[in-house]
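Student: I should like a close look at one part of this model, with its surroundings described in a connected way. Please begin with a single pair of residues and build outward from there.

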Amino acid sequence: MAKEKKSNPVPVEKEKESKEEFSFLVKIKDLHKHYYEVNLRIESDKEEINLVLPAWTPGSYMIRDYSTHLHKFGAVNSKTKEPVRWEQTDLNQWKVFSEKKSVTVSYTIYAFEDYTVRTNYLDTEFGFINPAGFFLYPENGLSQPADVQFQVSEIFSNVYTSLPKNNSPYSFHANDFDELFDSPFHLTNKNSVFFEVESCQHELLIEGDVPYSFKEKLAKDLKQITSTEITWMGDNPNPYYLFVLNLSQNAYGGLEHRASSINFFSPDQIHDEEEYKRLLELLAHEYFHLWNIKRIRPIALGPFDYQRPNLTKELWIAEGITSFYDIYFLYLSGFITKEDYLNKIQTDIFALDETNAEEWMSLEESSFTAWNKFYKRNANSHNLNISYYTKGGVLVLCMELFIRKETDGLNSFQSIMLALYKKFHIEKKRGFTKQEFFDTAFEATGVDLKPEFDTYLIKPARIPVEEYLKWIGVFRTDSDWSSDLGFRIKEKNGNVFVQKIIHGKDIITPDIQLEDEIIAINGKRMNHSGFQKLEKQFQPKEKIVVLLSRYGKTKEIVMEVGGSYKNKKLSFSSIVPPEIKQIQNSFFGVS
């Protein structure tokens, strides 16, 4: 039988090696209606081609059904322009009967659904293309190369992307569709600034009306941060990296890519010193993803299935590690003090205290269910779901302090990152399993992290972070035990409504629902300022009478006031034993 296979003139493998060419031409069909026009020319020796649009974007773990915004699909013979038969076979799949001829597929993308780092956008100021929600790919053909050309110069003078140019400022080449989907495009008339760090050319494009002096300042500060991260990792895998910072609208967020990041921040906050540091923290976070997740990654996160969730229990590695280091790199780069650092990390630590969510969800469940819980939040999510960003960052902080304590400050989590990068990205060229992470951590540091920390991954259990913080001379103080009604309010047309309900540890949940109107408390008519003043006067365990309106009917309830600490703080001990001082100096880089 082996001999018969070998003599077959058309083996199965031959079909897989079939060479195809994909060339996209992107135009602006109607600027004011927010329509892009896409023409895809396909050179193929196949009788029919199945084209697919991704359903999600790597780094943003939710099925988004991008095909909702794809319209007017059509196909013609590229030379004769005669119609070519095609049919839609699924919500995001089309079959083109190419008959081994050159065909051109055309379609329209509506790009004004939402304003995020993961959706397409087009207005008179700029255009943004998230490739996963924009470009069709051949089924089972992600390894095929693709060219993208833009015909937009009459409206936008510049097209920014991390893809290399095809001898033209408007033409680009991707070695495969994975690279294309990981390389967003920003169309604008704005100009960029450059800075170089360790043989890597960095380009910063800011969308929004900011003075050139701000661009210079941000580029200078980014140079310091990127230099710190590159030095810390010992290697930069890219010759080029693009920062896109959109300051045109009030928004916040970022999305990482292999050689770029897309970031949104409010233009009204950039001149506030503390908010500016928050911007630097965001950019430091996305830049560190250049290594952690884009190269150092859980094994489930690549290669991608763009139609179905790539489920993993290790998003705490992808985002938790990065969330720990973004603030730490700001400290190492000289932008914040040790006291500032404590203030930053205490925000995440204390956020976990606000509800009982840690008793409902483990870190691994938080990661595995991100697709239908973390990214699809509802009014009760804060009581049931934890963030693998927040708790993951706290866990890595504890791992870091445990390693330094066990090695007398001579080793750190950095050794793990360097070992993972070398062993799995450079040598094995793949991701790693959970067990391989812990095995590599032990090899790199001599410290077995799994017995100490696995419980906090697999069980819904609180991390005793204060026990780890004491190893760098940090202690926690809680003070001002005060009243807490267990719900938060909003004002609407001068009236008070329930906006959020807190299931806290020391709060008895009353008969209060979301959107209830709080008419009066203890017979006193409520407005927003009156509610805030009155709440401060209550005492924990005090009984109060609340008159509310629900579904158009009034209802009176008696509830017991709960309690919570209003002041929580992390502080450095004034007297630190020598062994603690050694670990503290190691952690904060003090010689």
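Tutor: In this part, Glu203 stands opposite Leu242 of strand E17. The model is a predicted one. The pair belongs to the ladder between strand E16 (residues 200–207) and strand E17 (residues 240–246), where seven bridges join two strands that run parallel. Both strands sit in an open sheet of five strands, ordered E15-E16-E17-E19-E18, whose pairing is mixed. At its edges are strand E15 (193–197) and strand E18 (253–256), each of which pairs on one side only. Ignoring direction, neighbouring strands in this sheet are turned by 15° against each other on average. In a regular strand, side chains alternate between the two faces of the sheet.

The model also has an open sheet of four strands, with the order E5-E6-E3-E10 and antiparallel pairing. Strand E5 (86–90) and strand E10 (137–138) form its edges; each has a single partner strand, so one side of each is left without a neighbour in the sheet. Within this sheet, strand E3 (residues 49–52) and strand E6 (residues 93–96) run antiparallel and are joined by four bridges. Ile49 stands opposite Val96 of E6 there.

Further antiparallel pairing involves strand E1 (residues 21–30) and strand E2 (residues 35–43), which are joined by nine bridges. Ser23 has Arg41 of E2 as its bridge partner. E1 and E2 make a hairpin with four residues between them, and His34 in the turn has a positive phi of about 70°. E2 is also joined to strand E7 (residues 103–110), by eight bridges and again in an antiparallel arrangement. Here the bridge partner of Tyr35 is Tyr110 in E7.

Turning to the helices, helix H5 (residues 273–288) has 16 residues, which should span 22 Å at 1.5 Å a residue; its end C-alpha atoms lie 23 Å apart, in agreement with that value. At its N-terminal end H5 is capped by Asp272, a side-chain oxygen of which lies 3.1 Å from the backbone nitrogen of Glu274. Twelve of the 16 residues of H5 are buried, so the helix is largely enclosed by the rest of the structure. Among these buried residues are Tyr276, Leu279, Leu283 and Phe288, together with the charged-name positions Lys277, Glu281 and Glu286.

Glu281 leads on to a neighbouring helix. Lys344, in helix H7 (residues 338–351), touches Arg278, Glu281 and Ile327, not counting residues up to four places away in sequence. Lys344 counts as buried because its relative accessibility is 18%, and the cut-off for that class is under 20%.

The loop between H5 and H6 contains Pro303. A cis peptide bond joins Gly302 to Pro303, with omega about -5°. Helix H6 (residues 315–332) in turn meets helix H11 (residues 390–406): their axes come within 7 Å and cross at roughly 70°. That angle makes H6 roughly perpendicular to H11. Residues making the contact include Trp316, Gly320, Phe324 and Tyr328 of H6, and Gly392, Gly393, Leu397 and Arg404 of H11.

Helix H12 connects several of these elements. H12 has 15 residues and reaches 20 Å from its first C-alpha to its last, close to the 21 Å expected at 1.5 Å a residue. Its buried residues are Phe413, Ile416, Met417, Leu420, Tyr421 and Phe424. These buried residues pack against helix H4 (212–233), H5, H6, H11 and H13. Just after H12, Lys429 adopts a positive phi of about 55°. Thr433 follows in the loop between helix H12 (413–427) and helix H13 (434–445). At 31% relative accessibility, Thr433 counts as partly exposed. Thr433 and Asn378 are 55 residues apart in sequence, and their C-alpha atoms are 31 Å apart in space.

Two loop residues complete the description. Asn493 has a positive phi of about 55° although it is not a glycine; its place is in the loop between strand E21 (487–492) and strand E22 (495–501). Asn493 is exposed, with a relative accessible area of 77%. Lys541, another residue other than glycine, has a positive phi near 80° and lies in the loop between helix H16 (528–537) and strand E25 (543–550). With a relative accessibility of 63%, Lys541 counts as exposed.

Technical notes:
Residues numbered from 1 in each chain as written. Heavy atoms only, no water. Buried < 20%, exposed > 50% of the residue type's maximum accessible area, 1.4 Å probe, protein only. Contact = heavy atoms within 4.5 Å. Pairing = 2+ DSSP bridges. Expected span 1.5 Å × (residues − 1). Polar contact = N/O pair within 3.5 Å; in protein donor to acceptor, adjacent residues only side chain to side chain. Axes fitted to C-alpha atoms, helices over the stretch in contact; angles between N-to-C directions. Parallel < 35°, antiparallel > 145°, perpendicular 65-115°, else oblique.
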